[in-house]
Amino acid sequence: MSAPQEQVSSLPLPPVQYINNYTDELIRRGRAPKPPLPIHDSYSMFGNQFNADDTIIRPLESQGIKRLYPQHFDRRRELRKLNHSLLVNFLDLIDLLVQCPDSPRRTEKVEDISLLFIHIHHLLNEFRPHQARETLRVMMELQRRQRNETSQRFHVHLDRVNQILNQAIENLPDTDLDSKLLINTDDFNSNDSNRKDDASVDGVNPYDRLMCELVDNMPLTNDGFK
């Protein structure tokens, strides 16, 4: 009895299968799966074996596929030719299905159409690095434009704030105070000097002398203070 073959999906799991493994609760408890380690040798993906050293876009010859266009070519022109060939082969396949459905040429036409699709897909993939560079350039240009607009708006608000501050400073009242609100400090200075002179005569603080006089002048009863 032969061993059961492992069923491998040709598509990745739905995103929910990955999202459920990285909820806030699992991350807080430290139970979320750790990211996989970098692969340095071969690995298997969707049932196919790959090597980490392989180029991102492998040549058709390394995949066992016959090349239909030369090594040096114009991609736009070759894509147009492949597209026309695809339409012609599709019309031929329809003609065969109408006139002779059991013809062995039907299988040949299906294989030719598959080969044409592989070449079209390969040529489009060769544009991916260029597309990635252009996408990055557009993103950086957009970020630069947004930062310039933000900087311009900031300078506009800064000029407006400076204008408001200057207007507020100009509208401040005169700093000269009314003479009626001024307090004559000469009396305080003279009183302080007199107290100092009195204290220098007998060595007694004038405040202490005042308290003593108040206590002496208070009326007393037989039981003491009222």
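# Reading the pocket, core and helices

Tutor: Let's start with the largest pocket of this predicted model. Strand 1 (42-45), strand 2 (48-51) and helix 4 each give at least two residues to its lining.

Student: Which element supplies the largest share of that lining?

Tutor: Helix 4 does, with 4 residues.

Student: How should I read a pocket in general, and what is the volume of the largest pocket here?

Tutor: The general idea is that rolling a probe the size of a water molecule over the atoms shows where empty space is left. In this structure, the largest pocket has a volume of about 380 Å³. Its lining has 17 residues, and those closest to the pocket centre are Ile 56, Ile 57, Arg 58, Gln 63 and Asn 125.

Student: How many of the lining residues are nonpolar, polar and charged?

Tutor: The lining of the largest pocket divides into 9 nonpolar, 6 polar and 2 charged residues.

Student: Good. Before going further, where is pLDDT lowest and where is it highest among the elements?

Tutor: As a rule, where pLDDT is low, the predicted coordinates should not be read in detail. In this chain, strand 4 (residues 224-225) has the lowest mean pLDDT of the elements, at 46. Helix 5 (residues 128-170) has the highest, at 92. Over the chain, the mean pLDDT is 79, and 75% of the residues reach 70 or more.

Student: What is the order of helices and strands along the chain?

Tutor: There are 7 helices and 4 strands. Starting at the N terminus, they run α-α-β-β-α-α-α-α-α-β-β. As for contacts with a separation of 6 or more, 51% of them join residues 24 or more positions apart.

Student: Now for the core: which residues make up the largest nonpolar one?

Tutor: This core has 11 residues, among them Leu 60, Ile 65, Tyr 69, Leu 93 and Ile 113. Helix 3 (75-99) and helix 4 (105-126) are the elements that give two or more residues to this core. For context, 9% of the 226 residues of the chain count as buried.

Student: What does Leu 93, one of the core residues, contact beyond its neighbours in sequence?

Tutor: Leaving out residues within four places in sequence, Leu 93 is in contact with Arg 106, Lys 109, Val 110 and Ile 113.

Student: Let me take Lys 109 from that list. Is Lys 109 buried or exposed?

Tutor: Lys 109, found in helix 4, counts as buried because its relative accessible area is 11%, under the 20% cut-off. Beyond residues up to four places away in sequence, Lys 109 touches Asn 89, Asp 92, Leu 93 and Leu 96.

Student: And why does Val 88 count as partly exposed?

Tutor: Val 88 sits in helix 3. Its relative accessibility is 47%, so Val 88 counts as partly exposed. Val 88 and Ile 113 are 25 residues apart in sequence, with their C-alpha atoms 9.6 Å apart in space.

Technical notes:
Residues numbered from 1 in each chain as written. Predicted model: local features only at pLDDT ≥ 70, side-chain atom pairs only at ≥ 80, totals over all residues. Heavy atoms only, no water. Core = buried A, V, L, I, M, F, W, Y, C linked by side-chain atoms within 4.5 Å. Buried < 20%, exposed > 50% of the residue type's maximum accessible area, 1.4 Å probe, protein only. Contact = heavy atoms within 4.5 Å. pLDDT = per-residue confidence, 0-100. 1 Å grid on protein atoms, 1.4 Å probe; cavity = no way out; pocket = protein on both sides within 12 Å on 5 of 7 lines; lining within 4 Å. Points joined across faces, edges and corners; volume = space filled by probe spheres on them. Nonpolar A, V, L, I, M, F, W, Y, C, P; charged D, E, K, R; others polar.
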